[in-house]
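The exercises below are to be worked with the sequence and the structure at hand. Each task is followed by a solution in steps.

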Amino acid sequence: MKPTVIFTVLSAVYVLANLCLAQPHPDATTTLWYDQPAGDWERDALPIGNGRLGAMVFGKVDIERIALNEDSVWSGATVDWNRPNASENLPKIRELLLAGKNVEAEALVNQTFTCVGGGSRGGARGPWGCYQELGNLNIEWGTDVDSLPLNKWKLQMYVTGNTRDPRERYQLIGKQIAEAVKPESDDSGWEDYVVADGKAVEGDRRFNIGDGAILRSRVTLTQKQVNELGVLRVSSEARNGRVYVNGEQVGELAGWQAGGHDKFEADLSKLLKVGDNVIVIACSNYRRQGQLPVRVSLDPKQIVTDYRRSLDLRDAISTVSYKKEGVTYTREAFASAPDQVMVFLFKADQPGKITFAASLNRLASFQTTAEGSDTLVMSGQTSSGRQDIPGMTFVARVKAVAQGGKVFTQGNTLHVESADAAVLFVAAGTDYMGFAGRHTPDPLRATQDDIVRASAKAYAQMKSAHIEDYHGYFERVSLTLGDDTPESKATAALPTDHRLAAFADGKPDPALPALYFNFGRYLLISSSRPGTMPANLQGLWAQGIQTAWNCDYHLDINVQMNYWPAEVCALGDCHTPLFKLIESLQKPGAETAKVYYNASGWVAHVITNVWGFTAPGEQAGWGATASGSAWLCDHLWEHYAYTRDKDFLKWAYPIMKGSAEFYLDMLITEPTHGWLVTAPSNSPENSFKTPDGSARICMGPTMDMQILRELFGNCIEASEVLGVDDELRKRLTDARGKLAPNRIGQHGQIMEWLEDYEEVEPHHRHVSPLYGLHPYDEITPDGTPDLAKAARVTLERRGDASTGWSMAWKANFWARLHDGNHAMTLLKLLITRGGRNLFCLHPPFQIDGNFGGTAAIAEMLVQSHSPSADSGQASVIQLLPALPDAWPSGKATGLRARGDYAVDFEWESGKLERVTVHALERAVGKVTLRYHGKELTLDLTQGQVREILASEME
């Protein structure tokens, strides 16, 4: 069948001809906006958050789903994952590695040196657990038109003739579907399938894997129904297929990876007719995903004009507005940190026009009840994965306050009727009492108290307090990028999704990277605040019960990348949740160090969760990476390097010291060169060729050596600053000098392993041997030009296109190599291959790419180095070290540099014009400004501000 144009609810029913006249142009660097509602959670919906509470706003006109999150909603429990007596197998593993028998060593690690109990493979079902959605706030807007349930269907299973040839199978299925969608086709011999009230009442059939079915319904419509109805909705059980109306394909069902909320929606306005209409649904079960639908309906058309959906990054407010039947409707949404609630305002420009029904639900394990006439409470428990331990209790509470009209509850639904305006307050909490979070042993009472306090305040008062609090973070830094050309200005004025398409097509839009930078700062402020849980793989925002990769904390780059923008973007206080996670891993990490390595100190490997997992992962090929805890400790030092806060260092140093002590015990001597190396370990997730096959288990991968040089060096300097641990400092200095060095391989690249192995996957997403280029800085174009050249070769061999976070890391690498144009190439790939809402798509959505991209933009504009405390050397600030041609003009304010400095600077026509240096409260001594080979050293006192013209630099 020839494909036809797909009409979706997201576009065809929205009349937008007057939009440009009706709406002012937003700030292109701080506003995401769209001319249609969101269709997809990870690609379209817009996030709000206060660090602890979050939501994804779709902005649909008729039936809105606001996806809710609370940062401690986790399944799982604290258990002992360490394999008893694992250290007894360590000598044999090392013996095999020293003998070059990596394949045998990997097999032995898999058998004896992984965690017990299945580890993260248990996910939401097991004690490992996963981060989960809190639930959904559903808003159904009042209408005078009733939906038409489509209950009666004819069903036919796919007929494939039992062929084993996939191509022949697909051809047979295709022919069957092509015949079924013809309006004139006969379905008299098909089975009956009848659904009602969300379940099958006749013909129920559970799919086996590989099964498929065609459902056919003949619907007779009157002229009135054709005029009023037009939106087809199919419940989310139906997946892996297509939907047809009167012989035309109208869209595809969600695929096997879709979340449980991804129901099908399509606008049929141009296809429905008076009389008989034939609707066909073809669906299948693929990888245990997909069942027969249990709810299908034709719903009212939603024809509106002047539709606009936006997220203002300046004030952290999501807004939806549209005009329907002469009435302008406006919604606002924000997550208030001062009041610890999420707030949703609905208003109209005519009285009595706000009518809706609200409900709370989630995919599993909940109950919703009414509390009085204006409140709903949803509560439940996640699974602990253990019969002897109760799961975590979660609570969500919503209260309505209306101006005019009336508010009442009916069953488990909250109604607002004929109001002039209404506000919904949403509070949430859990009884998680771990290393971070709110610590509310009674979330029912806590959410009630939150709602009482918030609903007693005027909306304007709450909004003002929210904006003032948020500005305290966001306004610390600003960035403007431009080229002042009419073409760029025209592109920047487009809706965000159109801007992305134009940018991908080569249209100039320097304001778009500035928007991406500001969006990253917004996401960090919104998902990581003092006292909250750290930002996980999806920050704060996730949907479903079994989330991607458990939405946990990966320690081989992902959680670290989340915090790369924190210090340089003056958000060091948003860094603190990660510090609490690091602190919490010491005790379980000490047990792991003892059980696996018979070592002192503490260690964490590749993955962790809110329950303190520190053991190796369940598979040797990735789970044996031994440097996760050392990498985490870099963040402790970076906070000190930027702030020079000695009190913080006093707190952080024992954690760093414990990590270093582990590695001093864990390192072994490699006999060929006498180098100290880790064993066993991985170069994260990458494999190499050996005479016996391929392997990932190795000793002394380059990244481990770079990270340990950094950790040992930071501990050495910290002990000097604090005047402690002379003996340990000597041991660290000696060991640091014996670590395997960076070397250049046969292709001119930085060698990834001790041996110059060939990679199984040359374009692998991890670029681990360049850790020394970024985030560590032992490889630099000026200080180590040969290694910098080899780093460039490594990047060229890896290639540009990759997963989202990998492209973000590569952008940082190219910035450190002072190649702004190549960094821009990676940024463009990162931005344009992400969601229309600017979310980074791994795929699926992973927020680390957003944060990594934000950090890369900062690296392109300013880089800094803080010398050791006793060196007598000046701190160094490099200005515009990797400015791309695409950003000829711009201005940055508030970016931070190591040594406790802030810098503001402007440039025109690609050249620096002026810079202002702020010596903050702990800045001491001299600072050297560098710009394109020119230098100027300033001797500043604390609190001093100096403005320098570029012409003053030598």
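A polar contact is a pair of N or O atoms within 3.5 Å, one able to donate a hydrogen and the other to accept it. The model is a predicted one.

**Exercise 1. A buried acid**

Task: Locate Glu133, decide what its side chain reaches, and determine how far away the nearest side chain of opposite charge is.

Solution.
Step 1. Glu133 sits in the loop that runs between α3 (102–112) and β6 (135–141).
Step 2. Glu133 is buried and has no salt bridge. The nearest side chain of opposite charge belongs to Arg362, 4.8 Å away. A salt bridge needs a side-chain nitrogen of Lys or Arg within 4 Å of a carboxyl oxygen of Asp or Glu, so a pair at that distance does not qualify.
Step 3. The Glu133 side chain does reach the backbone nitrogen of Leu363, at 3.3 Å.
Step 4. Leaving out residues up to four places away in sequence, the residues that Glu133 touches include Arg362 and Leu363, and also Leu68, Asn69, Val73 and His261. A further stretch touched by Glu133 is Ala542, Gln543, Gly544 and Ile545.

**Exercise 2. A threonine in a strand**

Task: Is Thr375 buried or exposed, and which side chain makes a polar contact with that of Thr375?

Solution.
Step 1. Thr375 belongs to strand β24 (residues 375–381).
Step 2. The relative accessible area of Thr375 is 6%, so Thr375 is buried; the cut-off is under 20%.
Step 3. The side chains of Thr375 and Asp374 are joined by a polar contact of 2.9 Å.
Step 4. Beyond four places in sequence, Thr375 is in contact with Thr369, Ala370, Arg397, Val398, Lys399, Thr409 and Leu414.
Step 5. Gly326 is 49 residues from Thr375 along the chain, and their C-alpha atoms are separated by 31 Å.

**Exercise 3. Backbone angles in loops**

Task: For Gln340 and His932, give phi and state whether each residue is buried or exposed; then find the omega values of the bonds leading to Pro775 and Pro844.

Solution.
Step 1. Gln340 lies in the loop between β20 (327–336) and β21 (341–348). Its phi is near 55°, a positive value in a residue other than glycine. At 17% relative accessibility, Gln340 counts as buried.
Step 2. His932 lies in the loop between β41 (926–931) and β42 (934–939), and its phi is near 50°, again positive in a residue other than glycine. With 58% relative accessibility, His932 counts as exposed.
Step 3. The bond from His774 to Pro775 is cis, with omega near 10°; Pro775 is in the loop between α19 (726–738) and α20 (785–798).
Step 4. The bond from Pro843 to Pro844 is also cis, with omega near 0°, and Pro844 is in the loop between α22 (820–832) and α23 (848–861).

**Exercise 4. One face of a helix**

Task: Which residues of α14 are buried, and which elements do they pack against?

Solution.
Step 1. Helix α14 (residues 586–597) has twelve residues and spans 15 Å from first to last C-alpha, close to the expected 16 Å.
Step 2. The buried residues of α14 are Pro588, Gly589, Thr592, Ala593, Tyr596 and Tyr597.
Step 3. Seen down the axis of α14, these buried residues fall within an arc of 145°, so they line one face of the helix. An α-helix has 3.6 residues a turn, so residues three or four places apart point the same way.
Step 4. The buried residues of α14 pack against α2 (90–98), α13 (576–584) and α17 (646–666).
Step 5. Just after α14, Asn598 has a positive phi of about 50°.

Definitions and conventions: Residues are numbered from 1 along each chain as its sequence is written. This is a predicted model: local features need pLDDT of at least 70, side-chain atom pairs count only at pLDDT 80 or more; totals for chains, interfaces and linings use all residues. Side-chain values use heavy atoms; hydrogens and water are left out. Helices (H or I, at least four residues) and strands (E, at least two) are DSSP runs, numbered from the N terminus. Buried means under 20% relative accessible area, exposed over 50%, partly exposed in between (1.4 Å probe, protein chains only). Lys and Arg count as positive and Asp and Glu as negative; His and the chain ends are not counted. Contact means heavy atoms within 4.5 Å. The expected span of a helix is 1.5 Å times one less than its number of residues. The arc is that of the directions from the helix axis to the C-beta atoms.
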